[in-house]
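Colleague: I'm new to this one, could you walk me through it?
Modeller: Gladly, let's put it on the screen and start from one residue.

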Amino acid sequence: MTTTTGTATTTATPTAIATTATTTARATSRPRLGPVPVLWLALLATPLAAGANAPVLILPDMARALGVSGSTATWLVASYAWAMAVGTPLLAGLLRRRGLRAVLRVASALLVGGTLLVAASPWLPLTLTGRAAQAAGGAGLTAVAMSLAGSARRMGVISAGFGILGASGPLLGAQLAHAVSWRLSLCVSVIAVLAVPMVSRYATTPAAPTAPTAPTDPTDPETTHQGRFDVRGAALLTAFVTTLVLLPHAPAAALGSSAVAATLLALHIRRQPDGFVPAALIRKPLFLGSALLALALSGSYFTLLFSVPRLLADRAGWDAGTAGTGQLVALLTGSALSWLLAAASARMSRVAVRSVLVGVGAAAAAIAVFASWGPLLLVATVGGTFAATGANAVLSMHAVSSAPDPQRPTAIGLFALCYQLGGAFGPAIATALVLAA
């Protein structure tokens, strides 16, 4: 579920400045220098994964409590995935234009407000609204964390943490639902706001300088770009993503709508090539290949995440507790192995990295289709987790490296959108192929 899931650049050390006066001015006008400690970035980003995966084992309980069918209850998952997919590029655009503090404020407000709605709402539509607000806020915080990562190794820590929290999400959600309420299970992502004060310290801009400043660093997420905001481009992208999310649920209507939205978006990009979706970026094979591969691996992972507990019960006769514990171990193992890939990726060619990801991801899907032995189904989960989490860590860096400095927030936002779309498709595919059987 990237998910999936900002720009993978750091708050870079400024270029050396010739005079002491200019250096002083630079120091007084810029945010705190140096990288944000990666554990704070992980805390900022990773609770989103726990919130996304918390419903995995409690969908039937949620459906009964709300008086709806199991397929209708999956909208609580789909709305979260939709808002993550849409919110990531939108808030990455805000990051590019307004800087870290603006995104941290908006994202925190969405996350807290959405959590309050989920905790108190007695109606499904209002609960769906709260879930969407939670996800959009979490996506904004994740965009900030990814934008401050700066290296595949640090991104690997965030991505592995994303996998670990995602792995813990199903069992954590089940335990909280059993002990208190399923609503509490859907509120775990709010703990990300605990990291906001620390990260905000790196976005604090003191008073205006009294001497000329050096040229701005375009790789700094705090650098803003004040051109007119491409409202139409953002709206068309949102419409296109929405139709894609609806595709597994209402194929006939969504297929025609997505074709119309895609056409309108393409025409808009031709008219405004430097708008919300930069034409030069999406034409780059490195960016496009990285984003589409991440989408495929993410979709496979989320399908496995929701399918394997049912497959363990149906094919191997495991009870819910044993299946949940086994899946947790498998997800943790896959996440840890993905960090090793991220750490080693700097010494590997892009072709080698992609070959590993595609090979492991394809093997995991094949095992899940044919295996009937419980441990082998858990091996499939390990492989799917490794491939998706590794893709999020490594391919995001590949995607960002293809973009010019001013477009890096946009690049990571669009990459994360593709990864999060896998989180929207996966549960629906699992429902159609396994859960509804």
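Colleague: Which residues is V434 in contact with, leaving aside its neighbours within four places in sequence?
Modeller: V434 is in contact with S307, R310 and L311 when its neighbours within four places in sequence are set aside, where contact means heavy atoms within 4.5 Å. This is a predicted model, in which local features need pLDDT of at least 70 and side-chain atom pairs count only at pLDDT 80 or more, while totals for chains, interfaces and linings use all residues. Residues are numbered from 1 along each chain as its sequence is written, and side-chain values use heavy atoms, with hydrogens and water left out.

Colleague: Is V434 buried or exposed?
Modeller: V434 is buried, with a relative accessible area of 14%; buried means under 20% relative accessible area, exposed means over 50%, and partly exposed is in between, with a 1.4 Å probe and protein chains only. V434 lies in helix α19 (residues 408–435), and helices here are DSSP runs of H or I of at least four residues, strands being runs of E of at least two, numbered from the N terminus.

Colleague: And how far is V434 from V308?
Modeller: Their C-alpha atoms are separated by 9.0 Å, although V434 and V308 are 126 residues apart along the chain.

Colleague: R310 was in that list, so what does its side chain meet?
Modeller: The side chain of R310 meets that of D314 in a salt bridge at 2.9 Å, N to O, a salt bridge being a side-chain nitrogen of Lys or Arg within 4 Å of a carboxyl oxygen of Asp or Glu. Both residues lie in helix α15 (residues 285–316), 4 residues apart, which is about one turn of the helix. D314 is exposed at 52%, whereas R310 is partly exposed at 26%.

Colleague: How many salt bridges does the count come to?
Modeller: The count comes to 2 salt bridges, and besides the one just described there is R64 with D61, at 2.3 Å from N to O. R64 and D61 are separated by about one helical turn, because they sit 3 residues apart in helix α4 (residues 59–66). R64 counts as exposed at 60% relative accessibility, and D61 counts as partly exposed at 34%.

Colleague: Different topic: where is R154, and what does its side chain reach?
Modeller: R154 is in helix α9 (residues 152–179), and its side chain reaches the backbone oxygen of V36 at 2.9 Å. That is a polar contact, meaning a pair of N or O atoms within 3.5 Å; within protein, one must be able to donate a hydrogen and the other to accept it, and residues adjacent in sequence count only if both atoms are side-chain atoms. R154 is buried, with a relative accessible area of 19%, and the residues it touches, not counting those up to four places away in sequence, include P35, V38 and L148.

Colleague: What about S147, buried or exposed?
Modeller: S147, in helix α8 (residues 124–147), counts as buried at 0% relative accessibility. A polar atom of its side chain lies 2.6 Å from the backbone oxygen of V144.

Colleague: Zooming out, what does the secondary structure of the chain come to?
Modeller: It comes to 19 helices and 0 strands, and buried residues make up 56% of the 437 residues in the chain.
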